Amino acid sequence: ACTTARRRVLLLCSPCMGHLIPFVELARRLVSDHGLAATLLFASATSQPSEQYLAVAAAAVRDGIDLAADGGAPLAALVVDMIGVAARGVAAELGVPLYLFFTSPWMALLLLLRLPDPEIDASAERGGDGCGGEHRDAAEPIRLPGCVPIHAHELPASMLADRSSDMYAGFLDMAKAIQRVDGILVNTSGEIEPAVGGGMDGLEELPPVHPVGPLVWTRPVVGVDREHECVRWLDQQPRGSVVYVSFGSGGTLTLQHTAELALGLELSQCRFVWAVKRPHQSLANGTFFGTQKGEDVLLDFLPEGFMERTRGAGFVTQSWAPQTAILEHPSVGCFVTHCGWNSILESVVVNGVPMIACPLYAEQHMNATMLEVQVGVAVRAKVAVDRFTSREEVATAIQRVMVGEEADERMRKRASELKDKLVHALSKDGSSTHALAKIANVWKHANKDK
Ligand code: UDP
């Protein structure tokens, strides 16, 4: 029996940058701070569909481990993202427990843990025609303990789908699979979501929850990110004068929304760095990492004359932006964001940068409300009935944060205080480090007889 060998944690991540980035940071911390070995398997977007769902393909996982094994460190746990929670069979075959690393906020997880829930269902039934109503028709918001009320229009699309649809069935299956994992690591902390871990009264036998976040990239890639031309450009700008605009790895706007955003930036008369994507023709959507072939350098979709009129005041890039290096730059004064959870955490943790929330899809609408109403580090750009932010609204929101002294000061102070608390949570004696140490300790002593 070998009781001293380093234990290995196997992490499986689906092809989304928004999942991969915190998974890499989790793996790094497990190895560098907690004495574990880690293997991270990531299906690329160019993989065959069967490989993309390698979370459920035991053979592919086994091959992956063989390739990555170093001296056969015994496996202690399988950690998957929410797309991989169907991998229970794989974990069983490998003889290890299955953990979920949830890369969105606690509020979104609690919503899933409480589904199906008579309270939530009742809120749908009270709306609409009253006969087995749909969530999208709910007149009353969903009230989760300690969280901001969630209105129907803020729910993720899969929850708004017909309850008889395959999409909703898939969503429910995922929620049920989450309830059956052996433990959940959440990329949050009590400092930003005080309700984390609570609100589960009446729900039996739910997996233990470990708030190990915020696990984000706080270190720009040495010699690359800080040398990026947009960072060089930021070096030339006055302190706190630049608006950083990005909709994450997948957020794509419509042509019309892109044009309004451009004209809103122009109208605000503020400097900006904009990581722009070629727009969709219709709905604002998610175009995920790797699906756009080649680099499209033509900015012909921007309003006529925009580039000339904003020359010197703005920097537009269509390539992957070094977000952490941008957010940590002293010239950046606010972040216009789609409210992806990593972007939110990075904005606060890296430099306490206040945000302008322009949510697009998934749980981003809920995140935006939480940021504005509960955390107080963002203003939300007003959205018309057709979910479209006009140039005037973009400019007003930017000016409120960048120019409006009072709002700006209050938000900046909150963001800076929150940053200090989160940095402390991640420090050697912080709550997040303790939460990760607790679960790492379980893994370190797993399978002692192997
Ligand atoms: N990101 C980046 N450069 C880009 C776009 C995105 O570095 O040009 C990173 C960003 O820092 C964050 C992640 O990609 O870590 C996006 O995650 P988020 O949860 O914010 O949004 P998602 O892409 O999942 O919608």
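## Exercises on a predicted model

In the protein chain, residues 24 or more positions apart account for 69% of the contacts that have a separation of 6 or more. The model behind these exercises is a predicted one.

**Exercise 1. Find how many helices and strands the protein chain has, and what share of its residues counts as buried.**

Begin with the secondary structure, where the protein chain shows 17 helices and 14 strands. Then turn to burial, for which a residue needs 20 or more other C-beta atoms within 10 Å of its own; of the 450 residues in the protein chain, 46% count as buried.

**Exercise 2. Work out the strand order of the open sheet of six strands, and explain why one side of β2 and of β6 is left without a neighbour in the sheet.**

Step one is to follow the strands across the open sheet, which gives the order β2-β1-β3-β4-β5-β6 with parallel pairing. Step two is to look at the edges, where β2 (37-42) and β6 (209-211) each have a single partner strand, so that one side of each lacks a neighbour in the sheet. Step three adds the twist, which averages 25° from one strand to the next.

For a closer look at one pairing, take β3 (residues 75-80) and β4 (residues 98-102), which run parallel and are joined by three bridges; Val80 has Leu100 in β4 as its bridge partner. Finally, consider what packs on the sheet: α1 touches β1 (8-13), β2 and β4, and the direction of α1 makes about 165° with that of β2.

**Exercise 3. Identify which residues have the most contacts inside the largest nonpolar core, and which helix gives the most to this core.**

The largest nonpolar core has 130 residues, and those with the most contacts inside it are Leu78, Val243 and Ile356. Helix α5 (residues 106-113) gives the most to this core, contributing eight residues. To see the surroundings of Ile356, leave aside its neighbours within four places in sequence; the contacts of Ile356 then include Cys334, Val336, Ala378 and Val401. As general background, nonpolar side chains in soluble globular proteins tend to be buried together.

**Exercise 4. Describe the shell around the ligand: which residues are the closest, and which element gives the most to it?**

First list the surroundings: 18 residues surround the ligand, the closest being Gly18, Gly248, Gln323, Gly340 and Ser343. Next assign elements, and α1 (17-32) and α13 (341-351) emerge as those that give two or more residues to the shell, with α13 giving the most, four residues. Last, sort the shell by class, which yields seven nonpolar, ten polar and one charged residues.

Terms used
Residues are numbered from 1 along each chain as its sequence is written. This is a predicted model: local features need pLDDT of at least 70, side-chain atom pairs count only at pLDDT 80 or more; totals for chains, interfaces and linings use all residues. A residue is near a molecule or strand if its C-beta atom, placed from the backbone, lies within 6 Å of it. Ala, Val, Leu, Ile, Met, Phe, Trp, Tyr, Cys and Pro count as nonpolar, Asp, Glu, Lys and Arg as charged, and the others, Gly among them, as polar. Two strands pair if DSSP finds at least two bridges between them. Axes are lines fitted to C-alpha atoms, for helices over the stretch in contact, and angles run from 0 to 180 degrees between N-to-C directions. Two residues are in contact if their C-beta atoms, placed from the backbone, lie within 7 Å. A nonpolar core is a set of buried Ala, Val, Leu, Ile, Met, Phe, Trp, Tyr and Cys residues joined through C-beta atoms within 7 Å. A residue is buried if 20 or more other C-beta atoms lie within 10 Å of its own, exposed if 12 or fewer, and partly exposed in between; C-beta atoms are placed from the backbone.
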